[in-house]
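Colleague: I would like a close look at a single part of this protein, explained slowly enough for a first-year student. Please begin with the term that the explanation rests on, and then take me from that part to its surroundings.

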Amino acid sequence: MCFSSYSDGQQPGSLISEEQIKARIEIIKPYTKWVRTFSCTDGNELIPEIAKANGLKVMVGAWLSENKKLNEIEIENLIKVAKAGNADMVAVGNEVLYREELSEEELLDYIYRVKEQLPGIDVGYVDAYYEFGNRPAIADACDVIFANCYPFWEGCHIDYSLLYMKNMYHSALSAGKGKKVIISETGWPNRGSNFEGSEPSFENALRYFINTQKWSKEENIEVMYFSSFDELWKVGDEGDVGAYWGIWDKDGNPKYSEM
């Protein structure tokens, strides 16, 4: 499960407290085996140790951007967290090529630097599934392919969404040339505006979640579902749907318990 720790009024850049991390881990731990983190700064670097103490495995992420100074802190903290035994896999960057904030060569430097420091730990990079086919050097550098697969954001109707996601997955699998592919993000919002043929609703979000879990179990596909909790700050980047991707609402209440 992709782990979101921001409470009301917080957003990337806000300082995350140990107490709020523990409270949210306590909510999700009966329902998941893994958590995925996105950053190793502003308190996010505390998440892996807390998750491991609660019996969870962790995919630890370093957030990369055009800010090279902050990238250095992220990379150094990622390596520190992993060397402390609190990372089962690491992700060097998240959609930084999609956002066009780093060049392919710059990203490769970060990936190989982390791989050199962390022998024995699977190192990968997270991006939209098609980026790995477009950039074979990135796929080659990764021990594991972390592919974001969002039929919703490609305007897919809910009736065809599972087939669409399967095609996304197999595209990344082909790019990986035999490497493991993990779906690092997928999900469906329960509220907000339509995106072309994609319609947010409680029914569609629940249907997509169930279909995803059923497929992952039947075919042994590893999935990091997005997301654990609703995050209000995301409306700035994604519009009104951005706040409604969680399995739990912003206050930690399960959204589908009465359906």
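Modeller: Contact, or touching, means that heavy atoms lie within 4.5 Å. With that in hand, and bearing in mind that this is a predicted model, we can turn to the loop that holds Ser227, which runs between α8 (202-219) and α9 (235-238).

The peptide bond that joins Phe226 and Ser227 is cis, with an omega of about 10°. Is Ser227 buried or exposed? Its relative accessible area is 2%, and because buried means under 20%, Ser227 counts as buried. If we leave out residues up to four places away in sequence, Ser227 touches Met1, Cys2 and Ser4, and it also touches Trp245, Gly246 and Ile247. Phe3 makes a useful example of how the chain is folded here, for Phe3 and Ser227 are 224 residues apart in sequence, yet their C-alpha atoms are 6.5 Å apart in space.

Gly178 offers a pair to set beside that one. This glycine is in the loop between α7 (161-176) and β6, and it is exposed, with a relative accessible area of 74%. Gly178 and Asn194 are 16 residues apart in sequence, while the distance in space from C-alpha to C-alpha is 36 Å.

Two other loops hold residues whose backbone deserves a careful look. Asp42, in the loop between β1 (34-36) and α2 (47-53), has a positive phi of about 60° although it is not a glycine. Its relative accessibility is 32%, so Asp42 is classed as partly exposed. Glu196, in the loop between β6 (181-185) and α8, is likewise a residue other than glycine with a positive phi, here near 50°. With a relative accessible area of 64%, Glu196 is exposed.

From the loops we can move to the interior. The largest nonpolar core has 78 residues, and the members that touch the most others are Ile25, Val90, Val92 and Tyr125. Taking Val92 as the example, and again not counting residues up to four places away in sequence, we find that it touches Ala62, Leu64, Ile75 and Leu78, then Leu107, Tyr110, Ile111 and Val114, and finally Val123, Gly124 and Tyr125.

It remains to place these parts in the whole. The protein has nine helices and six strands. Its radius of gyration is 17 Å, close to the 18 Å that the globule rule gives for 259 residues, so the protein is as compact as a globular protein of that length. The C-alpha trace spans about 45 × 40 × 35 Å along its principal axes, and 52% of the 259 residues are buried. Among contacts with a separation of 6 or more, 65% are between residues 24 or more positions apart.

On the outside, the protein exposes about 11,900 Å², of which carbon and sulfur atoms supply 48%. There are 26 positive and 42 negative side chains, and the centres of these two sets lie 5 Å apart.

Methods: Residues are numbered from 1 along each chain as its sequence is written. This is a predicted model: local features need pLDDT of at least 70, side-chain atom pairs count only at pLDDT 80 or more; totals for chains, interfaces and linings use all residues. Side-chain values use heavy atoms; hydrogens and water are left out. A nonpolar core is a set of buried Ala, Val, Leu, Ile, Met, Phe, Trp, Tyr and Cys residues joined through side-chain atoms within 4.5 Å. Buried means under 20% relative accessible area, exposed over 50%, partly exposed in between (1.4 Å probe, protein chains only). Helices (H or I, at least four residues) and strands (E, at least two) are DSSP runs, numbered from the N terminus. The radius of gyration is taken over C-alpha atoms; the globule rule is 2.2 Å times the number of residues to the power 0.38. Accessible areas come from the Shrake-Rupley method with a 1.4 Å probe; for residues, only the protein chains shown count as cover. Lys and Arg count as positive and Asp and Glu as negative; His and the chain ends are not counted. The place of a charge is taken as NZ of Lys, CZ of Arg, CG of Asp or CD of Glu.
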